[in-house]
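User: I'd like a close look at one part of this protein, please. I'm new to this, so explain the terms as you go.
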Amino acid sequence: MSQSSATDVPEVTINSMGTKEVEFDNLEGYEYVVVGSGAGGGPLAANLAHKGHKVLLLEAGDDQGSNLNQQVPAFHFRSTEDENMRWDYFVKHSQMRLSRERTRK
Ligand SMILES: Cc1cc2nc3c(=O)[nH]c(=O)nc-3n(C[C@H](O)[C@H](O)[C@H](O)COP(=O)(O)OP(=O)(O)OC[C@H]3O[C@@H](n4cnc5c(N)ncnc54)[C@H](O)[C@@H]3O)c2cc1C
C-alpha cells in the first residue's frame, strides 16, 4: 500500500458542466488549508509558509502560470478580461424606474 503525503498530485476530473474538479483525498501533512488566493488568502498562505507551516492554497481554475497576462503585473487589467481567468459575473438591472435611480451603477 502506498503512503500519501502533502506532495501527492491531486486527481483532476472534468464534470458534466465541463469544469475541472480537483479531488484531494488526503490532507495529511497540511496544517492549514486556505481557499482562494486573492488579496486575503494569498498573503495569509504566504506568511504562514514563511513561518514554516505546511499550507495548502487552493485557487479556482487551472494553472495559468505560463499565461503572460498572469506573469506581467502591468497586465493586471488584461487578466480580468482574459477568458481563461476571468469570472463571468453579470449584473441584472432592475426594470423598476425608482429602484434603478436609487442605484446608479
Ligand atoms: C475593480 C476593482 C477594483 C478594486 N480596487 C481596489 C483598490 O484600488 N484598493 C483596494 O484596497 N481594494 C480594491 N478593490 C477591492 C479588493 O479587490 C477586495 O477588497 C479584495 O480583493 C478582497 O479580498 P478577498 O481575499 O476577500 O477576495 P478576492 O481578492 O476576491 O479573492 C477571492 C479568491 O477566491 C477565489 N475563489 C473563489 N471561489 C473559489 C473556489 N470555489 N475555490 C477556490 N478559489 C475560489 C477567487 O478566484 C479569488 O482569487 C477593488 C475591487 C474591484 C472589483
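Where is the place of V35?

Analyst: V35 has its place in strand β3, which covers residues 32-35. Before zooming in, a quick word on what you're looking at. This is a predicted model, in which local features need pLDDT of at least 70 and side-chain atom pairs count only at pLDDT 80 or more, while totals for chains, interfaces and linings use all residues. Residues are numbered from 1 along each chain, as its sequence is written. As for pLDDT, that's the predictor's confidence in each residue, from 0 to 100. The protein has a mean pLDDT of 83, with 84% of its residues reaching 70 or more.

Now the overall layout. There are four helices and four strands; helices (H or I, at least four residues) and strands (E, at least two) are DSSP runs, numbered from the N terminus. Going along the sequence, you meet them in the pattern β-β-β-α-β-α-α-α. Confidence is highest in helix α1 (residues 41-50), at a mean of 98, and lowest in α4, at 69.

Back to V35. Its strand, β3, pairs with strand β4 (residues 55-58) in the parallel sense, over four bridges. For strands to count as paired, DSSP has to find at least two bridges between them. One of the bridge partnerships here is V33 with L56 in β4. Together, β3, α1 and β4 make a right-handed β-α-β unit. Right-handed works like this: with the strands pointing away from the viewer, the path from the first strand over the helix to the second runs clockwise.

What does V35 meet across that unit? V35 and L57 are 22 residues apart in sequence, yet 6.0 Å apart in space, C-alpha to C-alpha. If you skip the neighbours within four places in sequence, V35 is in contact with G41 and L58; contact means that the two C-beta atoms, placed from the backbone, lie within 7 Å. V35 still counts as exposed, because 11 other C-beta atoms lie within 10 Å of its own. The cut-offs go like this: 20 or more other C-beta atoms within 10 Å is buried, 12 or fewer is exposed, and in between is partly exposed, with C-beta atoms placed from the backbone. Buried residues make up 2% of the 105 residues in the protein.

V35 also belongs to the group around the ligand, along with G36, S37, G38, A39, G40, G41, L58, E59 and A60. A residue is near a molecule or strand if its C-beta atom, placed from the backbone, lies within 6 Å of it. That shell divides into four nonpolar residues, five polar and one charged. In this scheme Ala, Val, Leu, Ile, Met, Phe, Trp, Tyr, Cys and Pro count as nonpolar, Asp, Glu, Lys and Arg as charged, and the others, Gly among them, as polar.

Follow A60 from that shell and you get to W87, which is 27 residues away in sequence and 9.8 Å away in space, C-alpha to C-alpha. W87 is found in the loop between α3 (76-81) and α4 (97-102), and is exposed, with 7 other C-beta atoms within 10 Å. M85 is found in the loop between α3 and α4 too, but M85 is partly exposed, as 16 other C-beta atoms lie within 10 Å. Not counting residues up to four places away in sequence, M85 touches G61, Q64, N69, Q70 and S79.

For contrast with the parallel pair, look at β1 (residues 11-14) and β2 (residues 20-23): they run antiparallel and are joined by four bridges. Those two form a hairpin with five residues between them, and G18 in the turn has a positive phi of about 80 degrees.
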